[in-house]
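Here is a short set of exercises to work through with the model open in your viewer. Try each task yourself before reading its solution.

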Amino acid sequence: MANAASGMAVNDECKLKFLELKAKRTYRFIVYKIDEKLKQVIVEKVGEPTQSYEDFTVNLPADECRYAIYDYDFVTAENCQKSKIFFIAWSPDTARVRSKMLYASSKDRFKRELDGIQVELQATDPTEMDLDVIRSRAN
């Protein structure tokens, strides 16, 4: 079903991969892109549970927008193992204006399809989503 504001549908695989990450912890991260020809959000890349945050960030192109989910594991001050699911809207300054507008107008509907996001980040350059930012937002 297409979104009236942006015309973007959400491919079923997007939801299935997210549910696998959330319930079974099958993936460490998922990178999504808007396929303008298909007029829908599709899965571009998934990361294995053993992959690091650096492995995740290298999969975000320097000059193109993406949506991403990252499953961040951490230990609390009380020594409890926890995890938080981050939604990251990656919109670098160097991306095309049309692309930035398309991702911005499709974001809320896409996020609603992924039930279980705990933290949302909007990043226009790598410093806005480095590991220190993730750590501070997880607590």
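Buried means under 20% relative accessible area, exposed means over 50%, and partly exposed is in between, with a 1.4 Å probe and protein chains only. The model is predicted, so local features need pLDDT of at least 70 and side-chain atom pairs count only at pLDDT 80 or more, while totals for chains, interfaces and linings use all residues. Residues are numbered from 1 along each chain as its sequence is written, and side-chain values use heavy atoms, with hydrogens and water left out.

**Exercise 1.** Place Gln118 in the fold, classify its accessibility and list its contacts.

*Solution.* Step one: helices (H or I, at least four residues) and strands (E, at least two) are DSSP runs, numbered from the N terminus. Gln118 sits in the loop that joins helix 3 to strand 6 (119-123).

Step two: Gln118 is partly exposed because its relative accessibility is 46%.

Step three: apply the contact rule, heavy atoms within 4.5 Å. Leaving aside neighbours within four places in sequence, Gln118 contacts Ser83, Lys84 and Ile85. With Ile85 there is a side-chain reach to the backbone nitrogen, at 2.6 Å.

**Exercise 2.** Is Ser91 buried or exposed, and which residues does it touch?

*Solution.* Start with the location: Ser91 belongs to the loop between strand 5 (81-90) and helix 3. Its relative accessibility is 11%, so Ser91 counts as buried. Not counting residues up to four places away in sequence, Ser91 touches Cys65, Lys100, Gln122, Ala123 and Thr124.

**Exercise 3.** Find the salt bridges that involve Arg28, Glu36 and Glu113, and describe the partners.

*Solution.* The rule asks for a side-chain nitrogen of Lys or Arg within 4 Å of a carboxyl oxygen of Asp or Glu. By this rule the count is 14 salt bridges.

Take Arg28 to begin with: its side chain meets that of Asp73 at 3.0 Å, N to O. This pair links distant parts of the chain, with Arg28 in the loop between helix 1 (12-24) and strand 2 and Asp73 in strand 4 (residues 66-75), 45 residues apart. Arg28 is buried because its relative accessible area is 12%, whereas Asp73, at 28%, is partly exposed.

Next comes Glu36, which forms a salt bridge with Arg98 at 2.9 Å, N to O. Here too distant parts of the chain are linked: Glu36 is in the loop between strand 2 and strand 3 (40-47), Arg98 is in helix 3, and 62 residues separate them. Glu36 has a relative accessible area of 29%, so it is partly exposed.

Finish with Glu113, bridged to Arg109 at 3.4 Å, N to O. Both lie in helix 3, four residues apart, about one turn of the helix. Glu113 is partly exposed at 25% relative accessibility, while Arg109 is buried at 12%. Both also join Asp12 and Lys15 in a network of salt bridges.

**Exercise 4.** Which elements supply at least two residues each to the lining of the largest pocket?

*Solution.* Strand 2 (29-35) and helix 3 (97-113) do. Strand 2 gives the most, with three residues.

Key:
Polar contact = N/O pair within 3.5 Å; in protein donor to acceptor, adjacent residues only side chain to side chain.
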